[in-house]
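Below are some comments on the model we discussed, set out as numbered points. Please read them with the sequence and the coordinates open beside you.

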Amino acid sequence: MLKVFKVILLIYCAVFLSACSSNYLMTFNGENVKKDEDKGIFSFNNDTLQIDYSFADRDGKIYLRIKNNIDKPVLWDMKSSALIINGKTFSYSAEQAAFNAKVDASVSDMGASKSSIFNDTWVNGYITGSISLPKDVILIPPHAYVDGHYFDFRNDVKSIVRSSPKEKVYMYDMNGESYAVKLARFEGAESPYILRSYLSYSILDEGKAIVKTTEQKFYAAQLWQTGAVALNNIIELYNKRGDVLAVKEKKGQGAMIVGGALALTAAAAAIDPKEEQ
């Protein structure tokens with residue numbers, strides 16, 4: 001009976017080590033944008049454009065949608081557009097170009113012997129491929145839109161949430177059960193995470209390009225951390241709100257492999273008949 005208890009305890013330890021995780025969440029507010037209170041989507045409108053933002057991307061990126069509201073073409077200049085994070089500028093235009101290639105080559109040694117100091121190695125062959133250059137300017141025809149996913153906030157979210165002082169509160173999940181959360185709240189300039197989306201665009205009118213700019217501002221209003229509930233049981237994420245960005249991190253991944261393996265190995269040893277001899 002004691003041996004069975006040990007086996008159960010060791011298996012429980014292995015499962016516990018593999019299941020330990022922490023969830024980091026950031027809730028955004030906007031300063032000069034309209035927020036859909038039901039969906040959490042941010043929108044900005046002027047005489048030319050409608051610009052929508054969502055932070056609910058699974059890859060931790062911001063979703064941006066730009067619609068042309070007028071009867072004339074609009075050019076979005078991505079190279080002259082940027083996201084400013086806590087004062088640091090990041091261009092919407094890709095800084096790198098993807099290159100796919102294939103190498104066909106042969107190697108030959110020139111020299112009397114492998115020990116000769118006059119040995120030379122030659123590589124003969126060719127390389128072929130294609131390169132995808134970043135699109136710096138995008139045409140938006142009248143009453144059409146473009147969209148895309150930009151940047152990666154996951155490391156920022158974990159770092160900001162971890163380092164900010166928080167208080168313990170309780171929230172309710174999709175099943176109506178309470179769970180513990182470490183929470184911090186901020187307003188405007190007090191926030192440790194402030195974003196400015198600066199967009200440059202041109203209106204094409206009778207062969208002329210009229211250059212204009214616009215800027216939308218956001219800040220992290222809530223930072224929360226919990227490991228007491230699954231992400232898909234958090235109401236805001238279940239409803240896919242656009243103002244909440246979530247990152248899941250598994251803790252003790254080394255412990256999961258090493259500790260879990262040791263526990264299971266010990267469990268196997270505990271039920272090994274050789275132990276009784």
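**Notes on the predicted model**

1. The buried residues of helix α2 pack against β1 (21–30), β15 (208–226) and β16. Please keep in mind here, and in every point that follows, that this is a predicted model. The buried residues in question, within a helix that spans residues 154–163, are Val-157, Lys-158, Ile-160 and Val-161. Because an α-helix has 3.6 residues a turn, residues three or four places apart point the same way.

2. Strand β1, one of the packing partners of α2, also carries Phe-28, which forms an aromatic pair with Phe-55 in the loop between β4 (49–54) and β5 (62–68), 27 residues away along the chain. The pair of Phe-28 and Phe-55 is stacked, with 3.9 Å centre to centre and 10 degrees between the planes. Phe-28 has a relative accessible area of 0%, while Phe-55 is at 1%; since buried means under 20% relative accessible area, Phe-28 counts as buried, and so does Phe-55.

3. Phe-28 has a further aromatic partner in Tyr-193, and this pair is tilted, at 6.4 Å centre to centre and with 55 degrees between the planes. Because Phe-28 lies in strand β1 and Tyr-193 in the loop between β13 and β14 (194–205), the contact ties together parts of the chain that are 165 residues apart in sequence. Tyr-193 is likewise buried, with a relative accessible area of 1%.

4. These pairs belong to a wider arrangement, as Phe-28, Phe-42, Tyr-53, Phe-55, Phe-153, Tyr-193 and Phe-218 form one aromatic cluster. Over the whole structure, the search finds twelve aromatic pairs.

5. Turning to the pocket analysis, the largest pocket has a volume of about 370 Å³. It is lined by 15 residues, and those closest to its centre are Ala-56, Asp-57, Arg-58, Leu-237 and Ala-246. Two elements, α3 (235–238) and β16 (244–250), each give two or more residues to this lining, and the largest share, five residues, comes from β16, the strand that also appears among the packing partners of α2. Which classes of residue make up the lining of the largest pocket? It divides into eight nonpolar and seven charged residues, with no polar ones.

6. Finally, strands β12 (residues 167–172) and β13 (residues 178–185) run antiparallel and are joined by six bridges, with Lys-168 having Lys-182 of β13 as its bridge partner. The hairpin of β12 and β13 has five residues between the strands, and in this hairpin Gly-176 takes a positive phi near 80 degrees.

Technical notes. Residues numbered from 1 in each chain as written. Predicted model: local features only at pLDDT ≥ 70, side-chain atom pairs only at ≥ 80, totals over all residues. Heavy atoms only, no water. 1 Å grid on protein atoms, 1.4 Å probe; cavity = no way out; pocket = protein on both sides within 12 Å on 5 of 7 lines; lining within 4 Å. Points joined across faces, edges and corners; volume = space filled by probe spheres on them. Helix = DSSP H or I, 4+ residues; strand = E, 2+ residues; numbered from the N terminus. Nonpolar A, V, L, I, M, F, W, Y, C, P; charged D, E, K, R; others polar. Buried < 20%, exposed > 50% of the residue type's maximum accessible area, 1.4 Å probe, protein only. Contact = heavy atoms within 4.5 Å. Pairing = 2+ DSSP bridges. Phe/Tyr/Trp six-rings, centres within 6.5 Å; stacked < 30°, edge-to-face > 60°.
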